[in-house]
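This report describes selected features of one protein structure for a reader at the bench. Please consult the sequence and the coordinates alongside the text.

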Amino acid sequence: MSRQSPVSTGQGTWTGSVDFTLKIWDAGFCAHLQLVNPAPIASTAWSLAITLPASTTLASSWSGTYTQDATNPLLYTATPASWNGNIVSGSSKNTGFCVSFPTGSATPAAPVFLLTMSGDASAAVPTAAVTATPAVATIISEPTVVPVVTTVPVAVVPAPTNPAAAAPASTTTTPAVVPVSGTGSTTSSGTDATLAKAAAGELLVGYWGQVTDATETTAQQAISAFCEGPYDVINIAFANVFRNAENTIDLNLAANCDGTFTDSTILDCPAVGTAIAQCQALGKKVLISLGGGIASVGFSDAADITRFTNALWNMFLGGTDTTYDRPFGSVVLDGFDLDVEGGSDYGYDVFMEQIQVLMNGGTKKYYATAAPQCFFPDVLQNTAYAKGYFDWLNIQWYNNVCGNMNFPTSSWSDAVAYWYNWANTVSVNPDVRLLIGAPASTTSASAESYVGVTTPVSGETATMSAIIASWRANEASRFGGVMLWEVVAALSNSNYAQQIRTVLGG
């Protein structure tokens with residue numbers, strides 16, 4: 001990744017910064033761009049000039065209109081889509097493209113970018129700065145990420161004065177990302193029991209909170225009903241509003257909790273908190289999942305990232321700031337799951353760094369996980385997954401052409417190869433594990449995404465047992481286990497989770 005620095009051009013226009021990451025293979029590359037506004041004013045429009053390397057051809061693009069120059073076939077101009085033209089100070093929006101080049105040709109140079117932004121002509125713009133030299137791409141046999149080269153920091157907006165959004169001193173800097181510390185549950189050899197299970201390819205994760213079944217009682221659907229079952233980890237779904245009217249975080253737990261704190265939109269769920277404590281007492285890990293398919297997510301600026309980090313820490317994890325309401329009472333969850341499925345990827349790398357500082361200073365082991373789509377590129381590819389430390393990924397192998405139902409075709413195997421390569425060459429955590437995410441019934445996701453455990457569904461050939469066997473035979477060093485959406489549906493479907501546990505072992 002490289003950043004080109006801001007220079008003043010006057011008259012309400014200025015040069016923005018372009019952060020880019022190249023994913024390269026033997027016949028092309030994809031460039032994932034973050035267009036950063038370093039000015040103290042919002043941009044209302046932008047234009048990105050792109051000079052492609054020699055012998056390359058634009059194959060596809062996204063999040064913008066790409067127009068080829070009439071006289072120079074290597075020169076393109078990208079302009080905004082309907083949603084990414086306005087970029088506030090210190091923030092960014094994304095776009096990107098893929099190119100092809102002849103197999104076996106010489107190593108290509110990196111593309112060259114010039115980002116012109118415009119806004120209120122009466123506002124000041126940054127002074128001149130030195131332009132960074134773009135990183136040079138290197139071809140290897142599988143996709144890789146060009147190392148990060150950051151030369152000019154994005155302008156930082158002062159922290160808000162609201163006490164519920166104020167930042168502790170420990171989150172005002174950007175530290176190196178290191179593994180989370182803490183004690184946690186351990187094996188007889190002193191290793192973390194949950195991570196040991198993932199390393200053995202036997203971890204089973206289930207989501208809880210969004211599905212209810214009219215044929216079962218409330219008690220049968222409570223999170224505590226799954227404490228003694230086959231799951232090792234339960235993700236609570238979802239903290240789906242990253243910024244509510246109180247500058248904190250809102251939950252949606254469907255019918256599992258609907259009471260709120262006085263004069264607040266924040267759910268007050270003491271019974272869920274009691275059930276969580278019961279699960280933890282039995283050695284289960286309980287995490288809060290952030291986002292979901294229908295959510296209000298993302299960050300507006302640097303201060304907003306810090307606000308969200310502090311809210312997460314004090315509402316669900318180890319924070320003790322009493323200005324925050326805690327939806328589950330005094331219970332302390334075991335970490336978080338990042339399930340962001342839309343919007344800009346701006347700021348998630350900074351969030352990951354800030355929350356790791358807080359978790360590293362905690363008195364217990366906290367887990368950082370995420371749930372990307374199986375396809376490439378995922379919405380957080382350039383930020384969280386490139387720079388954040390994750391213990392494992394709950395990859396969603398459903399609702400997409402790369403899903404489990406297409407095992408063992410190339411649409412499935414190519415995606416597996418990508419994530420396996422990501423784990424080996426990009427992941428900050430050298431021991432990261434990858435889980436097979438699967439719908440637990442035909443109604444949990446698109447019907448065609450559902451795969452039987454040992455017997456194929458009608459008209460299909462794939463089974464979960466065959467898929468697990470393939471991972472263990474070919475990607476054993478990264479295989480961590482299985483994630484299921486969702487626990488109530490799994491129970492109603494002939495105890496699908498127990499069937500998966502039988503295949504996994506452990």
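The sections below treat a helix, a sheet, the disulfides, the aromatic pairs and two individual residues.

## Basis of the report

The structure is a predicted model. Residue numbers start from 1 along each chain as its sequence is written.

## Helix α4

Helix α4 comprises 15 residues, 302-316. At 1.5 Å a residue the helix should span 21 Å, and its end C-alpha atoms are 22 Å apart, which agrees with that expectation.

The surroundings of α4 can be read from its accessibility: 15 of its 15 residues are buried, so the helix is largely enclosed by the rest of the structure. At the N-terminal end of α4, aspartate 301 acts as a cap. A side-chain oxygen of aspartate 301 lies 3.2 Å from the backbone nitrogen of alanine 303.

## The five-stranded sheet

Five strands form an open sheet in the order β2-β10-β5-β8-β7, and their pairing is antiparallel. The edges are occupied by β2 (13-15) and β7 (65-68). Each of these two has a single partner strand, so one side of each is left without a neighbour in the sheet. From one strand to the next, the twist averages 20°.

The partner of the edge strand β7 is worth a separate note. Strand β8 (residues 75-79) runs antiparallel to β7, and four bridges join the two. Within this pairing, threonine 67 has threonine 77 in β8 as its bridge partner.

## Disulfides

The structure contains three disulfides. One of them joins cysteine 227 to cysteine 279, with an S to S distance of 1.8 Å. The link between cysteine 227 and cysteine 279 is left-handed, with -75° about the S-S bond. Cysteine 227 is in the loop between α2 (218-221) and β12 (233-239), whereas cysteine 279 is in helix α3 (residues 270-281), so the pair ties together parts that are 52 residues apart in sequence. Cysteine 227 counts as buried at 2% relative accessibility, and cysteine 279 is buried with a relative accessible area of 0%.

Another disulfide connects cysteine 257 and cysteine 269, with an S to S distance of 2.1 Å. The torsion about the S-S bond of this pair is about -95°, so the disulfide is left-handed. Cysteine 257 and cysteine 269 each lie in the loop between β12 and α3, so the pair ties together parts that are twelve residues apart in sequence. Both cysteine 257 and cysteine 269 are buried. A further disulfide is formed by cysteine 374 and cysteine 402, whose sulfur atoms are 1.9 Å apart. Here the torsion about the S-S bond is about 80°, so the disulfide of cysteine 374 and cysteine 402 is right-handed. This pair links distant parts of the chain, 28 residues apart: cysteine 374 is in the loop between β15 (367-370) and α6 (384-387), and cysteine 402 is in the loop between β16 (392-396) and α7 (410-425). Cysteine 374 and cysteine 402 are both buried.

## Aromatic pairs

A pair of aromatic rings is described by the distance of the centres and the angle of the planes. The count of aromatic pairs comes to 26. For tryptophan 419 and tryptophan 422, the ring centres are 5.7 Å apart and the planes stand at 70°; planes over 60 degrees apart count as edge-to-face, so this pair is edge-to-face. Both tryptophan 419 and tryptophan 422 belong to helix α7, where they are three residues apart, about one turn of the helix. Tryptophan 419 and tryptophan 422 are also both buried.

Ring pairs also join several residues into a cluster, which consists of Phe242, Phe299, Phe308, Phe336, Tyr348 and Phe351.

## Two individual residues

Is lysine 387 buried or exposed? At 17% relative accessibility, lysine 387 counts as buried. Lysine 387 is located in helix α6, and its side chain makes a polar contact of 3.2 Å with the side chain of aspartate 349.

Threonine 455 is found in the loop between β17 (433-439) and α8 (464-474). With a relative accessibility of 55%, threonine 455 counts as exposed. Threonine 455 and alanine 466 are eleven residues apart in sequence, and their C-alpha atoms are 9.8 Å apart in space.

Terms used. Heavy atoms only, no water. Expected span 1.5 Å × (residues − 1). Buried < 20%, exposed > 50% of the residue type's maximum accessible area, 1.4 Å probe, protein only. Polar contact = N/O pair within 3.5 Å; in protein donor to acceptor, adjacent residues only side chain to side chain. Pairing = 2+ DSSP bridges. Axes fitted to C-alpha atoms, helices over the stretch in contact; angles between N-to-C directions. Disulfide = S-S within 2.5 Å. Phe/Tyr/Trp six-rings, centres within 6.5 Å; stacked < 30°, edge-to-face > 60°.
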